[in-house]
Structures are given as structure tokens and as C-alpha cells.
Amino acid sequence: MWYVMQVRAGTEEKICAECAAGIPDSVLEQCFIPYRKEQRKLHGEWSIKKQVLFPGYVFVVTEDLIELFDSLKKINGLTKLLKTGDEFVPLKEEEKEFILQFGGEDHVVEISKGILEGSSVKVISGPLVGKEGLIKKINYHKRKAYLELEMFRQRQVIEVGLEVLMEKH
């Protein structure tokens, strides 16, 4: 089962590395951080950077939740498995599928490309193809799309890379 662990934003990689090193594979099948690629302009040049998709969250895969919970007590830093009431809640199947479909096996969301058709954007390549309905806002200058979706039983706004090309005549 996939679970989500809340950590202090900025410590995701450190916590994930500590979990991978300190928790046996028999308990922790996988620990990962979904990333997104984005374009940044620095000194007039565009470059691609990798950023955490859900700041403050690390994903863990386990079939032994109790042992994982006990093992997390030995990890330095804030680690809190998300729960509803007193019950730890795994990711819903559709949330898991979204993350796998959106970021692939390496959990990195690539930059999408779209074209402007009148006043709307049609995505022509990348993970946003067919998901235009999730886009709540586009920052054309920064080449970013802001998506609003239901994740971890709450509304999340996430940023992903989107380069919009002008429509061809």
C-alpha cells in the first residue's frame, strides 16, 4: 500500500535517504518524492530545473504499516504518516494511478507543450495531454500551469511545467 508522510518542507530528500538507509527493505518497499521539471530563465538563458511536486510530502510503500510506523520513530526530523482520525489512510487507487501516469516510474513530471487556440490552451505533448480540465491558471511568462486536484483527502494546488506556443496560421 502507498502512504503519504508529512515532513518539513525542504527536508524531503534527507528524510527519504534516512528511511531508505535505516528501514529494512522487508518493511519499506519504496520511499520516493515526486518531482516536476520546470523551465527557469537565468541571465537570459532558459534552463530546466527539477523541483519537488508536493513540498512537505514523501511517499512510502509498505505492506507492514505497524513496523513502518515504529521504524519512523528512529528517523531524525519530523515524519508524520497522514491519517484520518486515528486511522492511517493509504492513497486511494485513483491517486496512485494519477501519480504513476503523471510522473511515470521515475516519478518526474515532464514539461508539457501546448498551443493557444483562441483563448484556451490545447496540450499537444507531455503529461497534461487530455488533462486540460485540471488547469486552473497558466503563467505564460514563467511557463507554468497550476493544477487543482484532490490528493491526500484535501485540495492541492500543484505547479507543473507548460510551454505554450502561439497557434499556427
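Among contacts in the protein chain between residues at least 6 apart in sequence, what percentage join residues at least 24 apart? The figure is 60%, and it is worth keeping in mind while touring this model, which is predicted.

**The whole chain**

Begin with the whole protein chain in view, where the C-alpha atoms fill a box of roughly 60 × 35 × 25 Å along the principal axes. Colour the chain by secondary structure, and three helices and 14 strands should appear. If you then colour by burial, the buried residues make up 44% of the 169 residues in the chain.

**The four-stranded sheet**

Select next the strands β2, β5, β1 and β6, which form an open sheet in the order β2-β5-β1-β6, with antiparallel pairing. At the edges stand β2 and β6, and because each has a single partner strand, one side of each is left without a neighbour in the sheet. Looking from one strand to the next, you will find a twist that averages 30°. Strands of a sheet pair through backbone hydrogen bonds, in either a parallel or an antiparallel manner. Now narrow the selection to β1 and β5, which run antiparallel and are joined by five bridges; for one residue to pick out here, take M5, whose bridge partner in β5 is V58.

**Helix α1**

Move on to helix α1, residues 12-22, and show the side chains of E12, I15, C16 and C19, which are buried. These residues cover an arc of only 100° around the axis, which puts them on the same side of α1. Turn the view to the face of α1 that points away from this buried side, and you will meet the exposed residues E13, A21 and G22. To see what the buried residues of α1 pack against, add β1 (2-7), β2 (30-32), β4 (45-52), β5 (57-61), α2 (65-72) and β6 (79-81) to the display.

**Helix α2**

With α2 already on screen, highlight L65, L68, S71 and L72, which are buried. Seen down the axis of α2, the buried residues fall within an arc of 125°, so they line one face of the helix. What covers them includes β1, α1, β5, β6 and β8. The helix α2 itself lies across β1, β5 and β6, and it runs at about 160° to β6.

**Aromatic rings**

Display the aromatic side chains next, since the structure holds eight aromatic pairs. One of them joins F54 and F59 in a tilted arrangement, 5.9 Å centre to centre and with 50° between the planes, and both F54 and F59 are buried. The rings of F69 and F88 have their centres 5.1 Å apart and their planes at 50°, so this pair, too, is tilted. Because F69 lies in helix α2 and F88 in strand β8 (residues 87-88), the pair ties together parts that are 19 residues apart in sequence. Are F69 and F88 buried or partly exposed? F69 is partly exposed, with a relative accessible area of 34%, whereas F88 is buried, with a relative accessible area of 18%.

Then select W2, F32, F54, Y57, F59 and F152 together, which ring pairs link into a cluster.

**Charges over rings**

Two further places reward a careful look at the side chains. At Y35, K50 lies over the face of the ring, 4.5 Å from the ring centre. At W46, R143 lies over the face of the ring, 3.8 Å from the ring centre.

**Two buried strand residues**

Go next to S112, found in strand β10 (residues 112-117), where it is buried with a relative accessible area of 1%. Leaving out residues up to four places away in sequence, S112 touches V123, S125, G126, P127, L128, G161, L162 and E163.

Finish at Y146, whose place is in strand β13 (residues 144-151), and which is buried with a relative accessible area of 17%. Which residues is Y146 in contact with, leaving aside its neighbours within four places in sequence? They are L134, I135, K136, K137, N139, V157, I158 and E159. For I135, which stands 11 residues from Y146 along the chain, a distance label between the two C-alpha atoms should read 5.8 Å.

Methods. Residues are numbered from 1 along each chain as its sequence is written. This is a predicted model: local features need pLDDT of at least 70, side-chain atom pairs count only at pLDDT 80 or more; totals for chains, interfaces and linings use all residues. Side-chain values use heavy atoms; hydrogens and water are left out. Buried means under 20% relative accessible area, exposed over 50%, partly exposed in between (1.4 Å probe, protein chains only). The arc is that of the directions from the helix axis to the C-beta atoms. Contact means heavy atoms within 4.5 Å. Two strands pair if DSSP finds at least two bridges between them. Axes are lines fitted to C-alpha atoms, for helices over the stretch in contact, and angles run from 0 to 180 degrees between N-to-C directions. Rings of Phe, Tyr and Trp (its six-membered ring) pair if their centres lie within 6.5 Å; planes under 30 degrees apart count as stacked, over 60 as edge-to-face and the rest as tilted. A charge sits over a ring if NZ of Lys or CZ of Arg is within 6 Å of the ring centre and within 35 degrees of the ring normal.
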